[in-house]
Amino acid sequence: MVRNAPVPRHRQAHAQVTELRYYLVTSYPTLAQNALTLTVPLDRDGYVVLEDFLRPAECDELVAAGIDLTKQSQDTSHKAIFSTTENNKQQLKDDYFMESNDKIRFFHEVDAFGPDGELQVDPAVSLNKVGHALHLLHPIFRCYTYSGRVKTVCKELGFQDPAVVQSMYIYKNPVIAHQDATYLYSEPTPAVGFWIALQDATVQNGCLWMASGSHKSGVHRRLLRKNNDESKPSLEYDRPAPFYPESSFTPVPVSKGTCILIHGLVVHKSAHNKSDQSRHAYTFHVVERHNNKYSEENWLQEGENAPFVNVYTTPQIV
């Protein structure tokens, strides 16, 4: 297997991948690994690297779907931007963002629009991400999200009633250091992110950087949904952004088709793409619902078009 850069052996775990295309993967695969293969490194480091989670042709299919979404974005009248920085406070009050929990919506880079409100560049490079209900509402992303291999991982993690609460197609934007629990808090069991590299992710084009072991210090900050006297809710952080030393992070370059499982409390980030190569990824978050509470103060809640349904019983095709 060709990799851009090696991942330490103690952090590697190989996913069991079916030989069938996404639209044929309908059965629940037999567990072939000891659950400790995933739970031990996830508890120790806060993340697990699953190589060969998707085949190259499957990645290509998802990338094609992602590119097709850029064409669809041109048909929307709303010009929303997305940023993880503190400067974009309007985003925390924007109905288009707040109501994206059960829809497929388009979010552009901060500098995508000119003074006249028109796109300055092609949507293929102006989009930051598309979210947040691709996992249920888009047929291709739904098939991969509820595939046998995802069910297998959830089973190995010990989940009894796992539910996907959000999904995003990411076109490669830099992401500040954060914990997923800041946005999707649940207790006592944190969410687990599935971050799938659809193209090679290198240090040069913006791979993930992980602060190994940082999940053991609890949640550092939360984004809370506030129902004010106004007619619509708003979002606000409960405390200032923490400072994370650069020395805390280790790059995790991975090859196309790799899935990184991300503990909800581990601190991670990505940098700017400084190369001439794109770096697309598909990511979704799974929350255990059995004896676990998903916070009512999270910005994202269940919606009519995207309820929090059980991963094991949800069909790939409707």
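**Exercise 1. Strand 8**

Work out whether strand 8 is enclosed or open to solvent, and which strands pair with it.

*Solution.*

Step 1. Start with burial, which here means under 20% relative accessible area, with exposed being over 50% and partly exposed in between (1.4 Å probe, protein chains only). Strand 8 is largely enclosed by the rest of the structure, because 6 of its 6 residues are buried. Strands (E, at least two residues) and helices (H or I, at least four residues) are DSSP runs, numbered from the N terminus.

Step 2. Now take the two faces. V192, F194 and I196 point one way, while G193, W195 and A197 point the other way, and all are buried.

Step 3. Look for partners, remembering that two strands pair if DSSP finds at least two bridges between them. Strand 8 runs antiparallel to strand 13, with 5 bridges joining them. Strand 15 is also antiparallel to strand 8, through 6 bridges.

Step 4. Use W195 to find the register. W195 stands opposite I260 in strand 13 and opposite T283 in strand 15.

A word on the model before going on: it is a predicted one, in which local features need pLDDT of at least 70 and side-chain atom pairs count only at pLDDT 80 or more, while totals for chains, interfaces and linings use all residues. Residues are numbered from 1 along each chain as its sequence is written, and side-chain values use heavy atoms, with hydrogens and water left out.

**Exercise 2. Strand 2**

Follow strand 13 to strand 2, and describe how strand 2 is covered.

*Solution.*

Step 1. Strand 13 (residues 259-263) is joined to strand 2 by 4 bridges, and the two run antiparallel. In this pairing L50 stands opposite C259.

Step 2. Count the covered residues: 5 of the 5 in strand 2 are buried.

Step 3. Check each side. Y47, V49 and E51 lie on one face and V48 and L50 on the other, and both faces are covered.

**Exercise 3. The nonpolar cores**

Find the residues that touch the most other members of the largest nonpolar core.

*Solution.*

Step 1. A nonpolar core is a set of buried Ala, Val, Leu, Ile, Met, Phe, Trp, Tyr and Cys residues joined through side-chain atoms within 4.5 Å.

Step 2. The largest such core has 55 residues, and F194, L198 and L261 touch the most other members. Helix 2 gives the most to this core, with 5 residues.

Step 3. Look around L261, taking contact as heavy atoms within 4.5 Å. Leaving aside residues up to four places away in sequence, L261 touches L38, L42, G46, Y47, V48, L50, V153, V192, G193 and F194.

Step 4. Apart from the largest core lies another, of 14 residues, including A201, L208, M210 and V254.

**Exercise 4. Helix 7**

Decide how covered helix 7 is, and see what follows it.

*Solution.*

Step 1. Helix 7 spans residues 148-156, and 8 of its 9 residues are buried.

Step 2. Name them: G148, R149, V150, K151, T152, V153, C154 and E156.

Step 3. Move past the end of the helix. G158 follows helix 7 and has a positive phi, near 85°.

**Exercise 5. Unusual backbone**

Locate the cis peptide bonds that join G131 to H132 and E187 to P188, then the positive phi values of D52 and N291.

*Solution.*

Step 1. Recall the background: most residues other than glycine have a negative phi, and most peptide bonds are trans.

Step 2. Take the cis bonds. From G131 to H132, omega is near 15°, and H132 lies in strand 4 (residues 127-132). Between E187 and P188, omega is about 5°; P188 sits in the loop between strand 7 (186-187) and strand 8 (192-197).

Step 3. Turn to phi. D52, not a glycine, has a positive phi of about 60°. D52 is in the loop between strand 2 (47-51) and helix 2 (56-72), and is partly exposed at 33% relative accessibility.

Step 4. N291 has a phi near 50°. N291 lies in the loop between strand 15 (281-288) and strand 16 (293-294), and is exposed, with a relative accessible area of 65%.

**Exercise 6. The chain overall**

Put these details in the setting of the protein chain, which has 7 helices and 16 strands.

*Solution.*

Step 1. The protein chain has 318 residues, of which 56% count as buried.

Step 2. Among contacts between residues at least 6 apart in sequence, 83% join residues at least 24 apart.
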